[in-house]
Amino acid sequence: MHVDIKSQGFEMTPALRNYTLQRLQSSLGRIRDRARHVSVHLSDENGPRGGVDKRCLVAIHIAGGAPVVIEDTREDMYSAIDRVSKRAMNSLMRRLSRTHARRGRESRRPVMDALANTDEPA
């Protein structure tokens, strides 16, 4: 899983970069190999004025579909990263299960159509 981390409105520290990587890798667990690329955008919306303005946006790019995007804004950047990391696993699992279910229906459809079109003798 390739992770690209960018910051806006503040200087990225090595500690924050490592924390972000570790939280995402541990949160995604065994399904992280399904993610081709992960983009992380950390920003301080209000700059030095403070407030609830630390934003973390994560886009998880998977094969054959639109990216899974999770976003949160908190007063503390570490809290925003924690929240997004927790939600990332659930969002990715939902997307993968929907994709898997859709593929399962598509693969059964020709078989079901063939069975419905057979003429059985009375």
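Here is a quick briefing on this protein, from the overall layout down to a few single residues.

The model is predicted, so local features need pLDDT of at least 70 and side-chain atom pairs count only at pLDDT 80 or more, while totals for chains, interfaces and linings use all residues. Residues are numbered from 1 along each chain as its sequence is written, and side-chain values use heavy atoms, with hydrogens and water left out. In short, the protein has two helices and four strands, laid out along the sequence as β-α-β-β-β-α. Helices (H or I, at least four residues) and strands (E, at least two) are DSSP runs, numbered from the N terminus.

**Overall numbers**

- Out of 122 residues, 32% count as buried; buried means under 20% relative accessible area, exposed over 50%, and partly exposed in between (1.4 Å probe, protein chains only).
- The accessible surface adds up to about 8100 Å², and carbon and sulfur atoms account for 48% of it; these areas come from the Shrake-Rupley method with a 1.4 Å probe, and for residues only the protein chains shown count as cover.
- Take the contacts between residues at least 6 apart in sequence: 49% of them join residues at least 24 apart. Contact here means heavy atoms within 4.5 Å.

**The sheet**

- The four strands form an open sheet in the order E1-E2-E3-E4, with mixed pairing; two strands pair if DSSP finds at least two bridges between them.
- E1 and E4 are the edge strands, each pairing on one side only.
- On average, neighbouring strands of this sheet are turned by 10 degrees against each other, direction ignored. The axes behind that angle are lines fitted to C-alpha atoms (for helices over the stretch in contact), and angles run from 0 to 180 degrees between N-to-C directions.

**Strand E3 and its partners**

- E3 covers residues 54–62, and seven of its nine residues are buried, so the strand is largely enclosed by the rest of the structure.
- With E2 (residues 35–44), E3 pairs in the antiparallel sense over nine bridges.
- Across that pairing, Val-38 stands opposite Ile-60, and Val-40 has Val-58 as its bridge partner.
- E3 and E4 (residues 68–74) also run antiparallel, joined by seven bridges; here Ala-59 stands opposite Val-69.
- The E3–E4 hairpin has five residues between the strands, and Gly-64 takes a positive phi near 75 degrees there.

**The nonpolar core**

- The largest nonpolar core holds 24 residues, and those touching the most other members are Val-38, Val-40, Leu-42, Cys-56, Val-58, Ile-60 and Leu-92. Such a core is a set of buried Ala, Val, Leu, Ile, Met, Phe, Trp, Tyr and Cys residues joined through side-chain atoms within 4.5 Å.
- E1, H1, E2, E3, E4 and H2 each put in at least two residues, and H2 supplies the largest share, with seven.
- Ile-60 has a long contact list once residues up to four places away in sequence are set aside: Leu-28, Ala-35, His-37, Val-38, Pro-67, Val-68, Ile-70, Ala-88 and Leu-92.

**Where the two helices meet**

- There is one aromatic pair, counted when ring centres of Phe, Tyr or Trp (its six-membered ring) lie within 6.5 Å; planes under 30 degrees apart count as stacked, over 60 as edge-to-face and the rest as tilted.
- Tyr-19 and Tyr-78 make up the pair: their ring centres are 4.8 Å apart and their planes sit at 70 degrees, so it is edge-to-face.
- Tyr-19 lies in H1 (residues 14–28) and Tyr-78 in H2 (residues 77–116), so the pair ties together parts that are 59 residues apart in sequence.
- Both rings belong to partly exposed residues, with Tyr-19 at 24% relative accessibility and Tyr-78 at 32%.
- Lys-86 is in H2 and is exposed, at 54% relative accessible area.
- The C-alpha atoms of Lys-86 and Ser-27 are separated by 6.2 Å, although the two are 59 residues apart along the chain.
- Beyond its neighbours within four places in sequence, Lys-86 is in contact with Arg-23 and Ser-27.

**The N-terminal residue**

- Met-1 is in the segment before E1 (2–8) and is partly exposed, at 33% relative accessible area.
- Met-1 and Arg-36 are 35 residues apart in sequence, yet 5.6 Å apart in space, C-alpha to C-alpha.
- Neighbours within four places aside, Met-1 is in contact with Gln-25, Leu-28, Arg-32, Ala-35 and Val-38.
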